[in-house]
Amino acid sequence: MLVLSRKPGESVTIGDEVRITVLSISGKQVRIGIEAPSDIAVHREEIYNKIANEQKTEATEDNSN
């Protein structure tokens with residue numbers, strides 16, 4: 001894992017298409033902005049895990065038929 005320090009207004013670029021910018025810091029909360037092409041899904045981790053679990057359940061149900 002790459003660990004970086006960034007201040008509000010500073011960004012990190014991933015590849016040529018994704019930019020993550022620190023918008024603000026308030027106590028223990030950091031607000032970030034993510035710029036990515038519309039064909040790249042961007043989710044909070046808990047939402048991503050929920051989607052992955054639902055897809056896994058659907059695949060399991062499809063295989064049992």
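Here are some short exercises, with worked solutions, on the predicted model shown above.

**Exercise 1. Pairing strands**

Work out how strands β2 and β3 are joined, and which way they run relative to each other.

*Solution.* Start by finding the two strands: β2 covers residues 18-26, and β3 covers residues 29-35. Next, look at what links them: there are seven bridges between β2 and β3, and the two strands run antiparallel. For one facing pair, go to Thr 21, which has Gly 33 of β3 opposite it. Last, check the turn: the hairpin of β2 and β3 has two residues between the strands, and Gly 27 in this hairpin has a positive phi near 65°.

**Exercise 2. Hunting for salt bridges**

How many salt bridges does the structure hold? Find the partners, then sort them by exposure.

*Solution.* Let's begin with the idea behind the search: side chains with opposite charges can pair if their charged atoms come close. The cut-off to apply is a side-chain nitrogen of Lys or Arg within 4 Å of a carboxyl oxygen of Asp or Glu. The count comes to two salt bridges.

- One of them pairs Arg 6 with Glu 10, at 3.6 Å from N to O.
- Another pairs Arg 44 with Glu 46, whose closest N and O atoms are 2.7 Å apart.

Now for exposure. Anything over 50% relative accessible area is called exposed, under 20% is buried, and partly exposed lies in between. Arg 6 has 36%, so it is partly exposed. Glu 10 has 29%, so it is partly exposed too. In the other pair, Glu 46 is partly exposed because its value is 49%, while Arg 44 reaches 54% and therefore counts as exposed.

**Exercise 3. A charged patch**

Which residues form the negative surface patch? Then take Asp 62: is it buried or exposed?

*Solution.* The patch is made up of Glu 54, Glu 58, Glu 61 and Asp 62. To place Asp 62, look at helix α1, which spans residues 45-64 and includes it. The relative accessible area of Asp 62 is 57%, so this residue is exposed.

**Exercise 4. Along the chain and through space**

Describe where Asn 53 sits, how accessible it is, and what separates it from Val 3.

*Solution.* First, Asn 53 belongs to helix α1. Second, its relative accessibility is 49%, so Asn 53 counts as partly exposed. Third, Asn 53 and Val 3 are 50 residues apart along the chain, and their C-alpha atoms are separated by 28 Å.

Conventions
Residues are numbered from 1 along each chain as its sequence is written. This is a predicted model: local features need pLDDT of at least 70, side-chain atom pairs count only at pLDDT 80 or more; totals for chains, interfaces and linings use all residues. Side-chain values use heavy atoms; hydrogens and water are left out. Patches are made of residues with over 30% relative accessible area and no salt bridge: like charges are joined within 9 Å, nonpolar side chains (Val, Leu, Ile, Met, Phe, Trp, Tyr) within 5 Å. Accessible areas come from the Shrake-Rupley method with a 1.4 Å probe; for residues, only the protein chains shown count as cover. Lys and Arg count as positive and Asp and Glu as negative; His and the chain ends are not counted. The place of a charge is taken as NZ of Lys, CZ of Arg, CG of Asp or CD of Glu. Helices (H or I, at least four residues) and strands (E, at least two) are DSSP runs, numbered from the N terminus. Buried means under 20% relative accessible area, exposed over 50%, partly exposed in between (1.4 Å probe, protein chains only). Two strands pair if DSSP finds at least two bridges between them.
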